[in-house]
Amino acid sequence: MAKKTKQSKILPIFILNGPNLNLLGHREPEVYGYTTLAEIEAMCARQAKGHNLSIVFRQSNREGEIVDHLQEARTAGCAVIINPAGYGHTSVAILDSIQALKIPVIEVHLSNIHKREPFRNRSYVSKGATGIIMGLGAQGYLRAVDAVAEILSSKSRSK
Ligand code: DQA
């Protein structure tokens, strides 16, 4: 019983998605796959539940709004999973917000950005990420949820 009370106090994983990811399933499916963002959200919620975790799932086409969500995660989240989409390649502001976090951050890309155009090969977000998962399509989000669960449980074991 005491265990349950403790578990229910774990803050949610913030899963943040950048611009154009609202079009997943329709936008360049040969690159990004046919799974929609709503389907990814449902898959992540299920995966997190299997680890006794919960999620907050957001998408924004606006850089400043993603900064706001990252700032919210500072106090309201146990970890961040972020697919910064195009902003990963351009945004120092998003990197700054990530570097202000004291919780694990997993960067996810559906495609392998190193196999693509040179301008996609660099990610500012990677500089602040705990780990990076790319090229696994929608499955990458699930592996990121698993990674967060493992990081959190190894942290709590070492306490
Ligand atoms: C992406 C890769 C980015 O280069 C691109 O701008 C995206 C999606 C991916 O998930 O593969 O929008 O982050």
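**From the ligand to the core**

An oxygen atom of the ligand is placed 2.9 Å from an N or O atom in the side chain of Asn 83, and the model in which this pair is seen is a predicted one. Two further side chains can be listed beside it: a polar side-chain atom of Ser 111 lies 2.6 Å from an oxygen atom of the ligand, while for Arg 120 the distance between an N or O atom of the side chain and a ligand oxygen is 2.9 Å. The protein covers 98% of the 320 Å² of accessible area that the ligand has on its own. The residues that surround the ligand include Arg 27, Tyr 32, His 89, His 109, Leu 110 and Arg 116, and by class this shell has four nonpolar, five polar and three charged residues.

Asn 83 belongs to strand β3 and is counted as buried because its relative accessible area, 3%, falls under the 20% limit. Beyond its neighbours within four places in sequence, Asn 83 is in contact with, among others, Leu 16, Val 108, His 109, Leu 110 and Tyr 141.

From here the path leads to the nonpolar interior. The largest nonpolar core has 28 residues, and those touching the most other members are Ile 13, Ile 15, Ile 40, Cys 44, Ile 81 and Tyr 141. Elements that each supply at least two residues of this core include β1 (13-17), β3 (79-83) and α6 (139-157), and the largest share, six residues, comes from α6. Apart from this core lies another, of 16 residues, among them Phe 14, Val 80, Leu 101 and Val 105.

How values were computed
Residues are numbered from 1 along each chain as its sequence is written. This is a predicted model: local features need pLDDT of at least 70, side-chain atom pairs count only at pLDDT 80 or more; totals for chains, interfaces and linings use all residues. Side-chain values use heavy atoms; hydrogens and water are left out. A nonpolar core is a set of buried Ala, Val, Leu, Ile, Met, Phe, Trp, Tyr and Cys residues joined through side-chain atoms within 4.5 Å. Buried means under 20% relative accessible area, exposed over 50%, partly exposed in between (1.4 Å probe, protein chains only). Helices (H or I, at least four residues) and strands (E, at least two) are DSSP runs, numbered from the N terminus. Contact means heavy atoms within 4.5 Å. A residue is near a molecule or strand if one of its heavy atoms lies within 4 Å of it. A polar contact is a pair of N or O atoms within 3.5 Å; within protein, one must be able to donate a hydrogen and the other to accept it, and residues adjacent in sequence count only if both atoms are side-chain atoms. Accessible areas come from the Shrake-Rupley method with a 1.4 Å probe; for residues, only the protein chains shown count as cover. Ala, Val, Leu, Ile, Met, Phe, Trp, Tyr, Cys and Pro count as nonpolar, Asp, Glu, Lys and Arg as charged, and the others, Gly among them, as polar.
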